[in-house]
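Work through the two exercises below with the structure at hand, and attempt each task before reading its solution.

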Amino acid sequence: MTRTSPEVQALTEEMIALRRDLHRHPELGFQETRTAGIVAERLRALGYTVRTGLGKTGVTGFLAGGKPGKTVLLRADIDALPIQEQAEVAWKSESPGVMHACGHDAHTAMGLAAAEILAKDAPSLAGNLCFVFQPAEELLIGAEAMLKDGALEGVKPDAAFAVHVMNRWPVGTVAICDGAAMTSADKLIVTVTGRGGHGANPHSAIDPIVASAQIVTALQTLVSRETHPLQAAVVSITMFKAGTAFNIIPDTVEMTGTLRCFDADLREKLLVALRRTVEGVAAALRCTATVRNEFLTPAVVNDPPITALARSVAAEIAGSDRVLPAEPLTGSDDVAYFWQKAPGCYAFIGSAKPEWPSAPAGHNAKFDIDESALSIGAEFLVGAARRVLGSA
Ligand SMILES: [Zn+2]
Ligand SMILES: [Zn+2]
């Protein structure tokens, strides 16, 4: 049975209303001006020192407690996805082709509710509150952009927390990973060059399409044949662009994909193997190839003592039998950059409605959450902050 405090109960209606408002007006990464405006205005009204325009549209709110002590960082992501919503809800997206299909509307509402409750605590808190409302998580570049703009200048967080709603778990549960929680992410850009020609005279051309097809196949062996069976990694080619007509062999093929790993050494090893495989297969088929990788985010690794604290806070809210040990996720989240600044724990708040496990997952056009997850997430953020700052 879920336990929510009277303070969270008092804010639940407002939190749901804000989540629905944000859901109606979703904004893509680095375009979250309306959302950031609402966040900044509410934080200011609560007495926080607010900074805006960090990493284009990021917002921070800082509040010192009545006594000196530790600093706790609480992060919420605020961006939406380029998806046309198909969920039949009264608060359906009013922006064509843009949808909060990952629940960041809920994270923003939970973060602001926690900010309100903790602001009232501030005089009795031993330490400082640092709220981070981060843009462009879906692009995996918002956190780094905020940090480059000095979002944490003069702030030394001792512990960090964030929550993510997840329909893979039913509402009422909280899932927490020990150690590795989410993978690092690289974007891969592979260009294969041959020599174009007539589609009916392949012998007088050098066909980059056939070479690229074999490269895609050969890349499947990086995980299956070169990675230890007990280590995890993902190599996916997700875009394959070539050609202009049925009778023309093109000069080049451009492929885009992603590499995901939990282990930084394995990532380095696979990047070398990737280059060797692409260049080697291309050369065997008389083509040349280049591989470019953009390192987007490190892996999210939960800190053991902070995770133990998070698990105990979650157990008080959800009941210990509903705090689930979670397998690491092969998705990525650039919250990892904040975890490099402070030991952190990322908690997954079960949000599936009773029809679980068939509830549409995040990034699906029919994604929707059970809104009772909001009070659980807000309660978790409040509880974790109080525990770190010694005012539980
Ligand atoms: Zn997402
Ligand atoms: Zn998300």
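**Exercise 1.** Identify the protein donors of the zinc ion (ligand 1), and decide how the arrangement of its four donor atoms is classed.

*Solution.* In this predicted model, the zinc ion (ligand 1) takes its protein donors from Cys102 (SG), from Glu138, which is listed with OE twice, and from His363 (NE2), at distances of 2.0 to 2.6 Å. Next come the angles: a tetrahedral site would need all of them between 85 and 135 degrees, but the four donor atoms here subtend 55 to 150°, and the arrangement is therefore irregular. Along the chain, the donors follow the spacing C-x35-E-x224-H. Glutamate 138 sits in the loop between β4 (126-134) and α4 (142-148), whereas histidine 363 sits in the loop between β16 (344-352) and α10 (372-389), so that this pair, 225 residues apart, links distant parts of the chain. Histidine 363 counts as partly exposed because its relative accessibility is 42%. Finally, cysteine 102 also coordinates the zinc ion (ligand 2), which lies 3.1 Å from the zinc ion (ligand 1).

**Exercise 2.** Trace the strand order of the open sheet, and then place helices α8 and α10 against its strands.

*Solution.* The eight strands run in the order β1-β2-β4-β3-β5-β16-β6-β15, with mixed pairing. At the edges are β1 (49-54) and β15 (323-325), each of which pairs on one side only, and the twist from one strand to the next averages 25°. Within the sheet, β3 (residues 67-77) and β5 (residues 159-170) pair in the parallel sense over four bridges, and leucine 73 has alanine 160 in β5 as its bridge partner. Turning to the helices, α8 (residues 304-318) lies across β5, β6 (174-176), β15 and β16, at about 165° to β6, while α10 lies across β3, β4, β5, β6 and β16, at about 155° to β5.

Note on methods: Residues are numbered from 1 along each chain as its sequence is written. Chains are lettered from A and ligands numbered from 1 in the order in which they are written. This is a predicted model: local features need pLDDT of at least 70, side-chain atom pairs count only at pLDDT 80 or more; totals for chains, interfaces and linings use all residues. Side-chain values use heavy atoms; hydrogens and water are left out. Donors are N, O and S atoms within 2.8 Å of the metal (3.2 Å for Na, K and Ca); water is not among the atoms, so sites may look incomplete. Four donors count as tetrahedral if all angles lie between 85 and 135 degrees; four count as square planar and six as octahedral if opposite donors are over 155 degrees apart and all others between 65 and 115; anything else is irregular. Helices (H or I, at least four residues) and strands (E, at least two) are DSSP runs, numbered from the N terminus. Buried means under 20% relative accessible area, exposed over 50%, partly exposed in between (1.4 Å probe, protein chains only). Two strands pair if DSSP finds at least two bridges between them. Axes are lines fitted to C-alpha atoms, for helices over the stretch in contact, and angles run from 0 to 180 degrees between N-to-C directions. Contact means heavy atoms within 4.5 Å.
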